[in-house]
Amino acid sequence: MTVLVTGGAGYIGGHMVLALLDAGEQVVVLDNLSTGFRWAVPEAAKLIIGDFGDAQLVDAILAEHGVDAIAHFAAKIVVPESVADPIAYYHNNTAKALSLLECAVRHKIKHFIFSSTAAVYGEPEISPISEQTPLAPINPYGRSKLMVEWMLQDVAKAHDLRFAVLRYFNVAGADPKGRLGQSSPKATHLIKVAVQAALGHRKGVDVFGADYPTRDGSCIRDYIQVTDLIDAHLLALAHLRKGGESLTCNCGYGRGLSVLEVVDVVKQVSGVKFDVRISGRRPGDPASLVAGADRIRTMLHWTPRHDDVGEIVRQALDWERRLHNRSIEADRQKV
Ligand SMILES: NC(=O)c1ccc[n+]([C@@H]2O[C@H](COP(=O)([O-])OP(=O)(O)OC[C@H]3O[C@@H](n4cnc5c(N)ncnc54)[C@H](O)[C@@H]3O)[C@@H](O)[C@H]2O)c1
Ligand SMILES: O=c1ccn([C@@H]2O[C@H](COP(=O)(O)OP(=O)(O)O[C@H]3O[C@H](CO)[C@H](O)[C@H](O)[C@H]3O)[C@@H](O)[C@H]2O)c(=O)[nH]1
């Protein structure tokens, strides 16, 4: 049995590929390398460079590789970009997902794991956020993902396909063995940005708003370590393969950290006192997003192993140093 991983050359999908290979699974990666990297995919996985919206290509992959499960990570993921160019987001994240689902049904794929997001909840007033919290995304990114959740629910009712929708909160950290981490140079995620500041790769950190109704005025998020998140995917896959029902679960630890708290941890762990500027709010940022994480623990028996922000930051720092050395090495080879 083979798992097709779309977006397997990216940050989170790449960790899924490593975990599947570690577990002895056959893996095919489909990625157009728009934000992913060829080098991120180990040779033990088959990398096909192409678009998951290319039905002919997906049909050929599903026919050829004996795929029993699709783990669909590929997407555009930048919220402000989705506001500026909604059509690109609905096209890539929603329309192409419909095409992928059509291929899955045509080839009688039984198991589908989908990377959803806390952005489907919008700006909920309740904390922690359970899966029953009303779905009210406030930007095209969140809507483009929610529509895929709805399509999956309808398709699963009509066809022999079961799904796991995993709603990620804020994903951070890197592979504890140092094989992979967040590599996109354009990443805007807080821990990545703060780590880059600590290493002197950027000038300090702007804190987007210190006037929120939170304990220190900065926004609160639930940061989940990427390997713990991937453990949840493996458990979800095992659950579906055992004949388990479709499920939708939040993926977070159920504890929130403020932006200022995260920045302090990065300073402590790195030993560097980089500049921190309080700037204006970033449009569309909810004050607090903390996962209600009971369902994933009870339904999938998920037990996180890396719920420690110091460890998450150490992994991110370690990976950022490796990335930097890698780019120096690449430049040296060009000379
Ligand atoms: N990073 C987070 O904190 C976070 C939070 C919630 C949800 N998610 C979801 O997790 C998934 C993975 O995110 P990530 O952080 O690894 O992002 P990423 O940009 O590192 O990975 C996305 C991958 O998908 C590929 N891709 C995009 N469009 C494609 C297409 N049409 N055809 C083929 N490949 C395509 C890219 O090249 C890239 O390798 C996404 O679905 C994202 O919405 C991420
Ligand atoms: O330089 C920065 C970067 C971020 N932040 C703040 O840090 C918090 C976290 O921001 P991130 O950009 O790291 O993450 P988001 O919470 O905006 O969004 C992430 O998690 C969401 C789900 O919770 C979505 O899935 C989204 O795709 C993913 O990027 C926010 O309050 C943001 O304003 C700063 O203050 N300065």
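**Exercise 1.** Which residues does the UniProt annotation "domain: NAD-dependent epimerase/dehydratase" cover?

Solution. The annotation, from an unreviewed UniProt entry, covers residues 3–252. UniProt positions are given in the numbering used here, feature names are shortened, and annotations may be inferred rather than shown by experiment. The structure is a predicted model, in which local features need pLDDT of at least 70, side-chain atom pairs count only at pLDDT 80 or more, and totals for chains, interfaces and linings use all residues. Residues are numbered from 1 along each chain as its sequence is written, while chains are lettered from A and ligands numbered from 1 in the order in which they are written. Within residues 3–252, 38% is helix and 20% is strand. Helices (H or I, at least four residues) and strands (E, at least two) are DSSP runs, numbered from the N terminus. The end C-alpha atoms of this span lie 24 Å apart.

**Exercise 2.** Describe how the two domains of the chain meet.

Solution. Start with the bounds, which come from an automatic or database domain assignment: domain 1 is 2–173 + 224–251 and domain 2 is 190–221 + 254–334. Next, take the centres over C-alpha atoms; they are separated by 23 Å. Then look at contacts (C-beta atoms, placed from the backbone, within 7 Å): 26 residues of domain 1 are in contact with 24 residues of domain 2. On the domain 1 side, β7, α7 and β11 (247–251) each give two or more residues. The largest share, seven residues, comes from α7. By type, this side has 13 nonpolar, nine polar and four charged residues. Here Ala, Val, Leu, Ile, Met, Phe, Trp, Tyr, Cys and Pro count as nonpolar, Asp, Glu, Lys and Arg as charged, and the others, Gly among them, as polar.

**Exercise 3.** Locate the largest nonpolar core.

Solution. A nonpolar core is a set of buried Ala, Val, Leu, Ile, Met, Phe, Trp, Tyr and Cys residues joined through C-beta atoms within 7 Å. A residue is buried if 20 or more other C-beta atoms lie within 10 Å of its own, exposed if 12 or fewer, and partly exposed in between, with C-beta atoms placed from the backbone. The largest core has 101 residues, and Val29, Leu166, Ile191, Ala194, Cys251 and Val262 touch the most other members. Helix α7 (residues 226–241) supplies the largest share, seven residues. Both domain 1 and domain 2 give residues to this core, so it lies between them. As an example of the contacts, Val262 touches Leu190, Ile191, Ala194, Leu257 and Val309, not counting residues up to four places away in sequence.

**Exercise 4.** Compile the surroundings of ligand 1 and ligand 2.

Solution. A residue is near a molecule if its C-beta atom, placed from the backbone, lies within 6 Å of it.

- Ligand 1 has 29 residues around it, and Gly7, Gly10, Tyr11, Gly36 and Ala75 come nearest. The shell divides into twelve nonpolar, 14 polar and three charged residues. α1 gives the most, with three residues.
- Ligand 2 has 21 residues around it, and Thr117, Ala118, His189, Phe208 and Cys219 come nearest. Two or more residues come from each of α6 (190–198) and β8 (205–208). β8 gives the most, with four residues. The shell divides into 13 nonpolar, four polar and four charged residues.
- Domain 1 and domain 2 both give residues to the shell around ligand 2, so ligand 2 lies between them.

Notes: Two residues are in contact if their C-beta atoms, placed from the backbone, lie within 7 Å.
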